[in-house]
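Here's a quick tour of some backbone oddities and a bit of strand pairing. Have the viewer open while you read.

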Amino acid sequence: MPINLSYESDIATLNNAAQPSSNDENYRSTPLLYINSHRIPAHLATLARPNQTLLDFLRNTLHLTGSKLGCGEGGCGACTVLLSRFDKSKGAVVHSTVNACLFPVLGADGCHVTTVEGIGSWRHDANKNGGVNSSNGSAVTNSSGEETDNLHPIQRAMVDMHGSQCGYCTPGIVMALYGLFAQDGMLPSSISGDNSGD
């Protein structure tokens, strides 16, 4: 199952824009941010402050509240998001998970950030946040015409296998698994191991 990273078609523009030249006229004063396959409009991107974490920007500016603030020290993982960037030496997009509670929002300049809302959601609200949410605004139906959810297979597996307790850190766990999936192209069905000792 390939990962839909629609922003990759814009990688040349993204890469050139993220690397200003020595001429003053080529510098940008507004960060170039992509979140959940959408370029953040300039009027929102200019609200990013140098002393602001990515988590604060996501929750308080974009109102994407799936990532949570747990420990604030990068230990619990409740704030995990996927950061994708173009690596010139590899000539490819590299995916890694980061703790949004520690990561500066301006460190994401020229990168793409995927939150738990960007891989799937029960909510079908594309009008909120300028369309930053991943769904198209209408309920998804299967071939029988029944309404279904808009969950990623990793999220669906967490629900079906009762993979959460209180649910507060579940988005971070989902994003950590999604990071492995994005990085290695691993399908959820290929994750194996002996879990009998858990």
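What follows looks at a few unusual phi angles and then at one strand and its partners.

Keep in mind that this is a predicted model. Let's start with the backbone. Most residues other than glycine have a negative phi. Two histidines here go the other way: H63 has a positive phi of about 60°, and H162 has one of about 55°.

Where do they sit? H63 is in the loop that links helix 3 (54–61) and strand 3 (80–87), while H162 is found in the loop between helix 5 (153–160) and helix 6 (170–184). As for exposure, H63 is partly exposed, whereas H162 is exposed. Here are the numbers:

| Residue | Phi | Relative accessible area |
|---|---|---|
| H63 | about 60° | 41% |
| H162 | about 55° | 69% |

Now on to strand 3, at the end of the loop that holds H63. Strand 3 is mostly covered, with 6 of its 8 residues buried. Which strands does it pair with? One partner is strand 4 (residues 92–99), which pairs with strand 3 in the antiparallel sense over 8 bridges. As an example of that pairing, T80 has N99 in strand 4 as its bridge partner. The two strands form a hairpin with 4 residues between them, and there G91 takes a positive phi near 65°.

Strand 5 (residues 112–114) is another partner: it runs antiparallel to strand 3, and 3 bridges join the two. Take S84 if you want a residue to click on; its bridge partner in strand 5 is H112.

How values were computed:
Residues are numbered from 1 along each chain as its sequence is written. This is a predicted model: local features need pLDDT of at least 70, side-chain atom pairs count only at pLDDT 80 or more; totals for chains, interfaces and linings use all residues. Side-chain values use heavy atoms; hydrogens and water are left out. Buried means under 20% relative accessible area, exposed over 50%, partly exposed in between (1.4 Å probe, protein chains only). Two strands pair if DSSP finds at least two bridges between them.
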